Amino acid sequence: MHRCPEPAIYSQGHMETRAKVTSVTDHPFDWDIYWRNGAKGDVDQMSMGARNMAVRLTKFIEGKGIRSLADFGCGTGETLLILANEHPNMEFHGFDSSTVAVELDRSRADELKTLNIRFEREDVRDISTRDRFDLVMCIATLHYIKDIRKALRDLFARVDRGGSLIFNYPNRSSMYGFRDWIETEAPELRNRYRLVLRGENLLTLDDIRETLGKRPLNFWRAVGEEPSRQNMCVYVTKGQQ
Ligand SMILES: C[S@@+](CC[C@H](N)C(=O)[O-])C[C@H]1O[C@@H](n2cnc3c(N)ncnc32)[C@H](O)[C@@H]1O
């Protein structure tokens, strides 16, 4: 089983190296096939990550009066399911571009009889919902998006006044970390991470500030963890920074 690195939001740290990227193709990665095939054994890792993320989000939302949370690229939906069961008075919305993931998540919500959660198909490259939420998150998903700035603007547009957008994103350090990890341990993931490996969708903190018109703050620090350069996770608050 290979490790899923960018939910290295789950495991931080990697030495910065300069491994070369070889034979990256342009073949699009099919998330429906990925989810239909049982997520290639990544599910255990994601599950652990989801639990950790739920703890972090619980710390983050404490005292902020958050009533609604939307997760774009929600994958297994597990973070939301954990939180939805712990916060019956809040509304949770899971969005994913994979119809297969959405169907799996809906069945899981039915199984758990979780009523305050909805799963819908949405592509962050072309968001159709006009709803706004107190908290919007997008974790381990922007790595696959070429026009990452447009996606950020569209995600931020879905945040209600006073609410926040939380996301992690690829930067130069994560590109070197991914190159090293994929070349040495997981060459089969070259295609999936091609945009990051080629440095085509990297962001800096200044890019984010310029794109959203707000200074991003470090999410790790906000939840009492050591910040990671390779797995930058930030939040931007609308109207109150
Ligand atoms: C690596 S998983 C991360 C899942 C979850 N956020 C987590 O941290 O465990 C990436 C997820 O993004 C979804 N995804 C990929 N491209 C997307 C897009 N353009 N719009 C919405 N979701 C997308 C995939 O189907 C997958 O569920």
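Start with the whole protein chain, coloured by secondary structure: nine helices and seven strands appear. The model is a predicted one. Of the chain's 241 residues, 41% count as buried. Among contacts with a separation of 6 or more, 73% join residues that are 24 or more positions apart.

Next, select residues 43-61, helix α2, together with residues 78-86, helix α3. Two packed helices are described by the angle between their axes and the distance between the axes. Here the axes come within 8 Å and cross at roughly 45°. An angle from 35 to 65 degrees counts as oblique, so α2 and α3 are oblique to each other. The crossing of α2 past α3 is right-handed.

Show the side chains at this crossing. On α2, select Met46, Ser47, Ala50, Arg51, Met53, Ala54 and Leu57; on α3, select Glu78, Thr79, Ile82 and Leu83. These residues make the contact. By type, the residues of the contact are seven nonpolar, two polar and two charged.

Now move to the loop between α4 (99-111) and β3 (117-121), and pick Lys113. Its phi is near 55°, a positive value in a residue other than glycine. Is Lys113 buried or exposed? Lys113 counts as exposed because it has 7 C-beta neighbours inside 10 Å, and the cut-off for exposed is 12 or fewer.

Last, go to the loop between β4 (133-138) and α5 (148-157) and select Ala140. Ala140 also has a positive phi, near 55°, and is a residue other than glycine. Its surroundings are another matter to check. With 23 other C-beta atoms within 10 Å, Ala140 is buried; the cut-off for buried is 20 or more.

Methods: Residues are numbered from 1 along each chain as its sequence is written. This is a predicted model: local features need pLDDT of at least 70, side-chain atom pairs count only at pLDDT 80 or more; totals for chains, interfaces and linings use all residues. Helices (H or I, at least four residues) and strands (E, at least two) are DSSP runs, numbered from the N terminus. Two residues are in contact if their C-beta atoms, placed from the backbone, lie within 7 Å. Axes are lines fitted to C-alpha atoms, for helices over the stretch in contact, and angles run from 0 to 180 degrees between N-to-C directions. Angles under 35 degrees count as roughly parallel, over 145 as roughly antiparallel, 65 to 115 as roughly perpendicular and the rest as oblique. A crossing is left-handed if the near helix is turned anticlockwise from the far one by less than a right angle, and right-handed if clockwise. Ala, Val, Leu, Ile, Met, Phe, Trp, Tyr, Cys and Pro count as nonpolar, Asp, Glu, Lys and Arg as charged, and the others, Gly among them, as polar.
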